[in-house]
Amino acid sequence: MKTLVIFTGAGMSAESGVSTFRDAGGLWEQHRIEDVATPEAFRRNPELVMRFYNERRKQLLTVKPNAGHIGLAELEYHFNVQIITQNVDNLHERAGSSNILHLHGELMKARSTGPSAEVYDIQPEKIELNIGDKCPKGYQLRPHIVWFGETVPEFENAIRITEKADILAIIGTSMQVYPAAGLINYAPTGIPIYLIDPNEVNVYAKNVTVIRKGASEGVAELKKFIL
Ligand code: OAD
């Protein structure tokens, strides 16, 4: 079976009703990154940061995977599908995909601020994470999110997966955030690359086929190319 590596960003979940970050009306137009998505913000105003992620998490309970997520799960009948996502939602999981690496963390997980940084599942019954919520060892819990200025611990694993790709598909990402956007440089030279996005995205690589559509229609079209 060929290995199909799929690299997704916020646009993957847009048709599920999850806001992207950099489109008009996107999250970074309504919130300043420095206020809600950096370690300094968490030190300065942890309540605000917690509230931002509590809102994201509550919204996640109200949305469901779209036809694009489901189409990718179905590709597992034909390929060894490896999903590398920048998204912190769980819509790939809920659509049934098996191999998912979250580069930027997961909304439905909390992490201890203690030295061993254990990760815990957040239950839908207690969806909020607040100041005062502690791990069993007594350390404050924080969102399990990679904030700006923090290292991306899964990046090495993502490189290893990308290096094994026979086909690469990039879906719904503006390719503006590094190191994530640099992953494409680790794909074997010359393999077919498909780029699904309704807007123009600059990708510097050989053999790129642009599918200028939203995720649902775009994944359906991708199938026509690769199946
Ligand atoms: P962006 O908001 O930067 O880009 C979203 C992309 O989705 C754009 O290229 C849009 O054109 C595209 N898009 C919009 N609607 C779409 C649709 N229906 N189908 C497919 N694509 C669509 O989001 P990311 O590239 O994911 O990090 O952003 C990368 C990282 O920056 C995020 O993981 C997040 C953010 O800050 C952290 O929070 C650490």
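User: Which residues have the most contacts inside the largest nonpolar core?

Analyst: This is a predicted model. Nonpolar side chains tend to be buried together in soluble globular proteins. Here the largest nonpolar core has 25 residues. Those with the most contacts inside it are Phe7, Ile84, Leu103, Leu168, Ile170, Met175 and Leu183.

User: Which element gives the largest share of this core?

Analyst: Four elements each supply at least two residues of the core. They are strand S1 (3–8), helix H8, strand S7 (167–171) and strand S8 (193–196). The largest share is four residues, and the element that gives it is H8.

User: Which residues does Ile84 touch, leaving out those up to four places away in sequence?

Analyst: Ile84 is among the residues with the most contacts inside the largest core. Its list of touching residues includes Val5, Ile6, Phe7 and Thr8. The others are Leu101, Leu103, Ala158, Ile161, Thr162 and Leu183.

User: What lines the largest cavity?

Analyst: One cavity of 30 Å³ or more is counted. The largest cavity has a volume of about 30 Å³. S1 and S7 each give two or more residues to its lining. The lining residues are Val5, Phe7, Ile84, Thr162, Leu168, Ile170, Leu183 and Ile184.

User: How many residues are in the other core, the one that includes Phe42 and Tyr53?

Analyst: This core lies apart from the largest one. Among its residues are Ala37, Phe42, Val49 and Tyr53. Phe42 is buried, with a relative accessible area of 14%. Tyr53 is buried too, at 6%, and the core that holds both has 24 residues.

User: Why is the pair of Phe42 and Trp147 called tilted?

Analyst: A search of the whole structure finds eight aromatic pairs. In this one, the ring centres are 5.2 Å apart. Planes under 30 degrees apart count as stacked, and over 60 as edge-to-face. The planes of Phe42 and Trp147 are at 40°, so the pair is tilted.

User: How many residues apart in sequence are the parts that this pair ties together?

Analyst: Phe42 lies in helix H4 (residues 39–44). Trp147 lies in the loop between strand S6 (141–145) and helix H8 (155–163). So the pair ties together parts whose separation in sequence is 105 residues.

User: Phe52 and Tyr53 also pair: what kind of pair is it?

Analyst: Phe52 counts as buried, at 4% relative accessibility. The two ring centres are 4.9 Å apart. An angle over 60 degrees counts as edge-to-face. The planes of Phe52 and Tyr53 are at 85°, so the pair is edge-to-face.

User: Which residue lies over the face of Trp147?

Analyst: Trp147 is buried, with a relative accessible area of 2%. Trp147 also belongs to an aromatic cluster with Phe21, Trp28, Phe42, Phe52, Tyr53 and Phe148. In that cluster, the ring of Phe52 has the charged end of Arg56 over it, 4.6 Å from its centre. Over the face of Trp147, at 3.9 Å from the ring centre, lies Arg142.

User: Is Asp133 buried or exposed?

Analyst: Asp133 is found in the loop between strand S5 (119–121) and S6. Beyond its neighbours within four places in sequence, Asp133 is in contact with Lys126, Glu128, Tyr139, Gln140 and Leu141. The cut-off for buried is under 20% relative accessible area. Asp133 has 18%, so it counts as buried.

User: Which residues lie nearest the centre of the second largest pocket?

Analyst: About 250 Å³ of space lies in this pocket. Strand S3 (100–102), strand S4 (105–112) and S6 each give two or more residues to its lining. The lining has 14 residues, and those nearest the centre are His102, His144, Val146, Pro153 and Glu154.

Methods: Residues are numbered from 1 along each chain as its sequence is written. This is a predicted model: local features need pLDDT of at least 70, side-chain atom pairs count only at pLDDT 80 or more; totals for chains, interfaces and linings use all residues. Side-chain values use heavy atoms; hydrogens and water are left out. Rings of Phe, Tyr and Trp (its six-membered ring) pair if their centres lie within 6.5 Å; planes under 30 degrees apart count as stacked, over 60 as edge-to-face and the rest as tilted. Buried means under 20% relative accessible area, exposed over 50%, partly exposed in between (1.4 Å probe, protein chains only). A charge sits over a ring if NZ of Lys or CZ of Arg is within 6 Å of the ring centre and within 35 degrees of the ring normal. A nonpolar core is a set of buried Ala, Val, Leu, Ile, Met, Phe, Trp, Tyr and Cys residues joined through side-chain atoms within 4.5 Å. Contact means heavy atoms within 4.5 Å. On a 1 Å grid over the protein atoms alone, a cavity is a set of points where a 1.4 Å probe fits but cannot get out, and a pocket is an open set with protein on both sides within 12 Å along at least five of seven lines; lining residues have an atom within 4 Å of a point. Grid points are joined across faces, edges and corners, and a volume is the space filled by probe spheres set on the points.
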